[in-house]
Structure formats: structure tokens, C-alpha cells
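User: I am new to this structure and would like to know how its descriptions are justified. Could you take my questions one by one?

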Amino acid sequence: MTQDDDIKTLDTQPDLGRRKFLGTTALVGLSGAGLSLGLSACNKESAPTEAAPGAKGEVAAHSPYEVAPGKLDTYYMFSSAGHAGDVRVFGLPSGREFKRIPVFNTDCMVGWGITNESKAIIGTNPDGSVKYDTGDTHHLHPSYTDGTYDGKYLFVNDKINCRLARVRLDTMECDRITQLPNIQGFHGTFPDKRDPVDSSINHTTRVFCGSEFSIPLPNLGKGLDDEAAYRSLFTCVDAESMEVRWQVLIDGNCELVATSYDGKLAATTQYNTEMATKYEEMMSLEWDTCLFFNVARIEEAVKAGKVRYYGDSKVPVVDGTKAANAEPKSALTCYVPIPKNPHGVNISPDGKYYACAGKLSPSASLIAHELVLKWFDGELKEPREAVVAEPEIGLGPLHTAFDNRGNAYTTLFLDSQMVKWSIEGAIKAYQGDKNAPVVLDRLDVHYQPGHGFTSMGETRECDGRFLVSDNKFSKDRFLPVGPLHPETSQLIDISGAKMTLVHDNPVASEPHDSIIIRRDIIKPLQIYNLDDFPNAVRDAKESGVFRDGRKVTVKLVSQAPAFSLREFRVKKGDEVTIILTNLDKVEDLTHGFAIQRHNINFIVNPQETKSVTFKVDRPGIYWCYCTHFCHALHMEMRSRMIVEA
Ligand code: K7E
Ligand code: CUA
Ligand code: CA
């Protein structure tokens, strides 16, 4: 088995592509000496031979999983980077890291949190300062059409400052961030897979967000010690406008979130049905729940105005507490009891079952989607009757992934294992069949896995080929790099009866969740459209210094290997805005712009425009230079800011 030959269309021809790239705009008028000076690293002939005993400098034996030089991966893997605040993009099966997408963090590689455009997305205080510049991304999921990824967006949470971000999958850049009101500890998040209200809309229109930590509502300094009144809200955000649509007041808290394939239900696991504020008390009950939301009924209640508001939030809140939803036929929520302190909830790709991982219980609870709907129709006595299996699978179950052959793969944190179990076998065993095969295989992973996820496993197109175990500890698996270790991402082949460990990859701390997407689904942009930037400097002739009192706008363009202004003059005390458009139209030709001693550093990709605004209060000359290696004359690509006294 190698990378998909059926996705050949995306394979580039590396030799041709590289020569074409060098032969056009980038090197017009340059000598051969310049070429070798600037771009020797790209020279294919200079491939290392030391580790290559085979003929013609190539490795003799290939692993069937190897992605040979110049070949492309079969899958994208997107990972939430935890408290690094960004999103990472990898290729599978190679495990190569391609990109880090800054989201909640400041990033000087691209200028995220530095440019005016990114500050506007992150959110700024009235005085222009950034409100938050840290975040903790735990869960990320793309938008859906018809039960599979449509390649449009990726949604990711910030657990620290309670924001939902959206990443465009064509540019792989964050384009919106929304603050969720009246919650803390925003953890689980999942988009719906189709519109639950209008069945003709078969794509994602909502994103659901769970809050893990309960707080007084509103949290304005009153009722601080009335811990019994602390509450959590479940939040729905509009996937297009990114505005918060509604919230649900619940009993207990929210952990992970899952959504059904028919759009009807959203689910969240709850480990703190005790509604405790102290550690020990959160484990005092033997049972917690998986909580289901009837999305259409909630939207009806919002429409009917059966809502309240907290603090100065304009977001309508409906009542999803147990007491208010005892009558199934009108209930907005259904609380299904499962063993104490569960963690992840994942729905099987056939849309039939939610698998809740036990965490403190050595089991997984399988809840049937149809039976939860039956409870809402008044045809089931107790919510617990929706549980159709509860296999014992091992210690510390955290998250479950699926293949397309009816098997589930659950990470066992305490056992440091991946366990493969049969859904059908587990259901039969629950019904009393002692011979039903439940656990089919176990594989040691290294060490302490958190999330496990399969190729296309959260979609109808689940293909059952690969499983990745994202492990929280790497210990001895890699060269030591000081007290902080990387984590281990382990690729596992699940296409056969037994799981096979393919390889380890170190991942820089501290990823949480990931998803694996077939590469043909993602259609990345190579060059921006100049028209998408209203402030674009469309021609070098438009460059110049434009003064409006103490506000000065400097417009310039970059075209390899020069900026259109060799120098520009401003005065001490000015507020300077620099608008830079990269007029280069060549794929991969990015320029950077940094100003000495002014904390300015950002990049402009082909046909992109960005701006920065800052004060100048120290007379002198300050060199501006291109930070991003673009050309053999990259070092010379400079401008000079002259600040007059
Ligand atoms: Cu770490 Cu998804 Cu936040 Cu489980 S969560 S491991
Ligand atoms: Cu332009 Cu380096
Ligand atoms: Ca509990």
C-alpha cells in the first residue's frame, strides 16, 4: 500500500515546477551566480547522499508508507495546538509538518497580532490594544456538506478566553473570532452536519460550544459564594455570520461535543453533574450523563420568546435544566445517565451510535441515536434505555474513533493503549451473549494517549485506513530536548485485522485533537486576489507618503527584489500607517517587512495587502528590510524610514 494513486491529480511535477518558478519573474535579469547564491538550498542535485546507500543516491528499500522525496501525502491532518494557541497542518502518512496557523497567539512569522487586519479579527480595545493575546485550542472540526467535509472552514475553540475561531481552508488563515458571553472553560465544539430545521439545507449552519466551568450568572461580582447557583451554558454560533445565536441553561457542565448526521441532535458529555466547585466533589456521584440537545425544539423556543438574558448579553437563553424538561414530548434536553466522569463523545460514521469514553470507568457507553429521538417522542420510559452497550475496554478511556467496518478504537490513557472493539459485539454482549467478540485487538502506544482519530473518521466517508494516537507523553521516544518534551503522534495502520504501528512523530507541545482529511477535499489558494483588499496599492506609481495632520500613510508595494520606496520621510510624533501590497504574482513568492527598533514584522503573500500602524517618537533613520527569503537579492531588499526631528 502506498499513497493513493487515485488522487494523482494533485501530484505536481517537482522538477518542472521548480524550474518554472525560478525561470519567471523571480530571477529576471539575474546572473547564474545570483541563482546559486540565493537558491542553492532548492537545488535538487544537491540531495544528501550520506544516508542513501541505494543507487543514484536513493534509499534502497522503501517502507510501503514512505512518502518519497517529491511525492505528496494522501491526507491533511489538522491539529489544535493546545495552549500554544495555534492550529497545525501536517501531511499523512508522512507526519511532516507544513504550517502553523496562528489563531489566538501572536505570531511574528506572519505578523498575526501585529498587522491591523489581524488585530481587527482578534478583537481590539477601543484604544487599539489587543484584548487577548493568548488562547488554548482543544478541538477543531471542519464545516460539513452532506455528512462529509466541504473544505470551506475549520472551527476551533479557545478554552482560556472563551472564543470560537474560524479558519478558512482555502487560505488556511483565521478569518473570524467570536467571543461567547457568560461562560468559562469553553471546551468541546462541533459544527452541525446539516441544518436541523430546514432539511433542504444539507450543510453546516451552526457550531455548538460547551462550557466546562460553571460560574454565577451573570458573573458581575454578586453571588460569588453561592456555589450551588453556579451554572454552565451550551452555546450555538452561526457558522456564516459567526454571531452567537442562542444559549441553553443546563444542569451540570459540558465536556466534549458531538453532533448527529441528520442535524437533529447535539450531545455533550458531563463529568460534573454534581455541580461541584471543588475537585473531590466532582467525583462524588457514581453516575454522570451524556446530555442531548433537541436543536429544532430549542430554535422553536427561541422563536417563541421563551428566553431570558444574563447581564448585558443580547443572546437569548432557553431553559434546558432537568426540572424544566421532564416531559419528553416538549423537552429541549435529554439527560442520559452513564458511569461517572466520562470524557469524549464521538458519533459512529453510520450515524447510529454515540460512544462515550468512561475515563474513571473502564468502559465505553454506546448510546443509540434512534433511541434518544424515541425518548423525545415519548416512546421510551427512561433516558438510560438509550444505552445499548457498555463494554469494559480498559483503564482510562478518553476518546473513540471509528473505521468503516463497524469497529471502534478507544484511547486508554492509563493503560497507554489503543483498544479496538466491535460495536456489534458490544451490543450483543450487553444483551447477554457471552460469546460475542467485543475487544478485538490492543496496541501499546507511547505514552498515555489523549485523542485518537481515524482518516475521515468523523464523516460518512470514513475510510478505515489510518488511526493516529496523539499521546501526551513521549518520555524516551526522541532525542531529549530539555525538561519540556515533545508529544508523540503515532500513525497506526488499521486496514487489517490487527493494528500496526507505522511510525512515531514528535509534535511540539501541546496538541489536543486532530482530524484527518483526504487531500482532494482541500483546495488551497496559491495567490490572493488583489480585489479582496480594499486598501490595496495596485501600482508602484501609487506609492508615496500621504499626510493628514499627524497621521501619515505610507503606501508601497513589493516586487522582487525591491520595495517601491527606497526611503520615506515622517516626523517625530507622527502616527504612521504602512500599507504594503505584494504585487508579485508568482506562487510561493512571499515578502516580509520589518522595521528596526519599532517592533514591526509581518509578511505579504503574492497579491496580498497588509497594514500596520505605530507611533514614531525617536528621530533617526530606521532600516526596513524584507524578512522572508524571496530572491537572490533578498538581502538588498530594503527601504529606509527617516524620522525627522
Ligand atoms: Cu485534552 Cu479533547 Cu480538551 Cu480529551 S480534551 S485528551
Ligand atoms: Cu523580499 Cu525577501
Ligand atoms: Ca462526576
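User: What makes strand 2 and strand 3 (residues 97-102) a pair?

Analyst: This is a predicted model, and everything here is computed from it. Two strands pair if at least two bridges are found between them. Strand 2 and strand 3 are joined by five bridges, so they count as a pair, and they run antiparallel. One of the bridges sets phenylalanine 90 against glutamate 97 of strand 3. The two strands form a hairpin with four residues between them, and in that turn glycine 95 has a positive phi of about 80°.

User: How many bridges join strand 1 (residues 75-80) to strand 2?

Analyst: Six bridges join them, again with the strands running antiparallel. Among the partners, phenylalanine 78 is matched with valine 89 in strand 2. Strand 1 and strand 2 also form a hairpin, this one with five residues between the strands, where glycine 82 takes a positive phi near 60°.

User: Why is strand 2 (residues 86-92) described as largely enclosed by the rest of the structure?

Analyst: Buried means under 20% relative accessible area. Seven of the seven residues of strand 2 meet that description, so the strand is largely enclosed by the rest of the structure. Asp86, Arg88, Phe90 and Leu92 point one way, while Val87, Val89 and Gly91 point the other way, and all are buried.

User: How do you know that histidine 138 is buried?

Analyst: Its relative accessible area is 7%, and the cut-off is under 20%, so histidine 138 is buried. Histidine 138 sits in the loop between helix 3 (116-122) and strand 4 (140-145). Leaving aside residues up to four places away in sequence, histidine 138 touches Ser80, Asn157, Lys159, His187, His512 and Asp513. There is also threonine 189, 51 residues apart from histidine 138 along the chain, with 8.8 Å between their C-alpha atoms.

User: Which atoms coordinate the calcium ion (ligand 3)?

Analyst: The donors are Tyr271 (O), Glu274 (OE), Glu274 (OE), Met282 (O), Asp288 (OD), Asp288 (OD) and Asn341 (OD1), at 2.3 to 2.9 Å. For calcium, a donor has to be within 3.2 Å, so the distances of 2.3 to 2.9 Å satisfy the cut-off. Along the chain, the donors follow the spacing Y-x2-E-x7-M-x5-D-x52-N.

User: Why can methionine 282 and asparagine 341 be said to tie together parts that are apart in sequence?

Analyst: Methionine 282 belongs to the loop between strand 13 (265-270) and strand 14 (287-294), and asparagine 341 to the loop between strand 16 (333-339) and strand 17 (345-347), so the pair ties together parts 59 residues apart in sequence. Methionine 282 counts as buried at 18% relative accessibility, and asparagine 341 is buried with a relative accessible area of 4%.

User: What makes the buried residues of helix 5 line one face of the helix?

Analyst: The buried residues of helix 5 (residues 369-376) are His369, Val372, Leu373, Trp375 and Phe376. Seen down the helix axis, they fall within an arc of 155°, so they line one face. Their cover includes strand 13, strand 14, helix 4 (295-303), strand 16, strand 18 (353-357) and strand 19 (364-368). Just after helix 5, glycine 378 has a positive phi of about 80°.

User: How do you know that cysteine 334 does not form a bond with cysteine 290?

Analyst: A disulfide needs cysteine sulfur atoms within 2.5 Å. The closest cysteine sulfur to that of cysteine 334 is in cysteine 290, 9.0 Å away, which is too far for a bond. By this rule the count of disulfides is zero. Cysteine 334 is buried at 0% relative accessible area.

User: What are the edge strands in the sheet with the order 8-9-10-11-15?

Analyst: That order belongs to an open sheet of five strands with mixed pairing. Strand 8 (184-191) and strand 15 (317-319) are its edge strands, because each pairs on one side only. Strand 15 is joined to strand 11 (residues 244-250) by three bridges, and these strands run parallel. In strand 15, valine 318 is the bridge partner of valine 248. Helix 4 lies across strand 9 (206-213), strand 11 and strand 15, at about 105° to strand 11.

Definitions and conventions: Residues are numbered from 1 along each chain as its sequence is written. Chains are lettered from A and ligands numbered from 1 in the order in which they are written. This is a predicted model: local features need pLDDT of at least 70, side-chain atom pairs count only at pLDDT 80 or more; totals for chains, interfaces and linings use all residues. Side-chain values use heavy atoms; hydrogens and water are left out. Buried means under 20% relative accessible area, exposed over 50%, partly exposed in between (1.4 Å probe, protein chains only). Donors are N, O and S atoms within 2.8 Å of the metal (3.2 Å for Na, K and Ca); water is not among the atoms, so sites may look incomplete. The arc is that of the directions from the helix axis to the C-beta atoms. Contact means heavy atoms within 4.5 Å. Axes are lines fitted to C-alpha atoms, for helices over the stretch in contact, and angles run from 0 to 180 degrees between N-to-C directions.
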